[in-house]
Amino acid sequence: MSINNYEQVLLEMLNRIKILENKVEALEAGTKIDDAPILQSKNKLGLNERAKDYIRKCKVEAKKQGVSEITLLCNDIQKELGVVNRTPSICNAMYDMMEADDQVLFAPPSGKSTTVKVKYFIK
């Protein structure tokens, strides 16, 4: 196995562990999680689901810290996920993760921009 393949396998394994940790944290916090398959590689797991997992993790962490709300910005999520020019997918995930009392603090008329900002209330 070449070094590049070895690194790729390690990155995939670390991503799988991270996904599992996020799902366990969500379950422990009583947060609703999707029925999406748990064991999927970063490349097989769609960006929308990766963004939702990231938002879930942020909510779980906020709940652990006793925070009552968090505000997320599309551009920050893109950076955390290591993607560029994927704004529509990230924004869709942000909107999908909203509950009744959450608020869109900023969005352009199109609804999709790196500047989309959503306030999620932690329950």
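Confidence comes first. This is a predicted model, and the average pLDDT over the chain is 83. At least 70 is reached by 81% of the residues. The weak spot is residues 35-43, where pLDDT falls below 50. In the model, that stretch still has 17 contacts beyond near neighbours in sequence. Where pLDDT is low, the predicted coordinates should not be read in detail. Please keep that in mind if you set up anything from these coordinates.

Now the overall layout. The chain has 123 residues, and 36% of them count as buried. Its secondary structure is four helices and three strands. Reading from the N terminus, the order is α-α-β-α-α-β-β. How much of the contact set is long-range in sequence? Take the contacts with a separation of 6 or more: 57% of them join residues 24 or more positions apart.

Next, the sheet. What is the strand order? The order is 1-3-2, in an open sheet of three strands with antiparallel pairing. Strand 1, residues 69-73, and strand 2, residues 103-106, are the edges. Each has a single partner strand, so one side of each has no neighbour in the sheet. On average, neighbouring strands are turned by 25° against each other, ignoring direction.

Look at one pairing in detail. Strand 2 and strand 3, residues 117-121, run antiparallel and are joined by three bridges. On strand 3, K117 stands opposite F106.

On to the helices. Helix 2 lies across two strands, strand 1 and strand 3. Against strand 1, helix 2 runs at about 150°.

Helix 2 also packs on helix 3. That is residues 47-64 against residues 74-81. The axes are 11 Å apart, and the angle is about 105°. How do we class that angle? The window for roughly perpendicular is 65 to 115 degrees, so helix 2 and helix 3 are roughly perpendicular to each other.

Which residues make this contact? From helix 2 we have L47, R50, A51, Y54 and I55. From helix 3 they meet I77, E80 and L81. By class, the contact has six nonpolar residues, two charged and no polar ones.

To wrap up, three things to take back to the viewer. One: helix 2 touches on both stories, lying across strand 1 and strand 3 and packing with helix 3. Two: the open sheet has strand 1 and strand 2 at its edges. Three: residues 35-43 have pLDDT below 50. That's it from me. Happy to take questions.

Notes:
Residues are numbered from 1 along each chain as its sequence is written. This is a predicted model: local features need pLDDT of at least 70, side-chain atom pairs count only at pLDDT 80 or more; totals for chains, interfaces and linings use all residues. Side-chain values use heavy atoms; hydrogens and water are left out. Axes are lines fitted to C-alpha atoms, for helices over the stretch in contact, and angles run from 0 to 180 degrees between N-to-C directions. Angles under 35 degrees count as roughly parallel, over 145 as roughly antiparallel, 65 to 115 as roughly perpendicular and the rest as oblique. Contact means heavy atoms within 4.5 Å. Ala, Val, Leu, Ile, Met, Phe, Trp, Tyr, Cys and Pro count as nonpolar, Asp, Glu, Lys and Arg as charged, and the others, Gly among them, as polar. pLDDT is the predictor's confidence in each residue, from 0 to 100. Two strands pair if DSSP finds at least two bridges between them. Buried means under 20% relative accessible area, exposed over 50%, partly exposed in between (1.4 Å probe, protein chains only).
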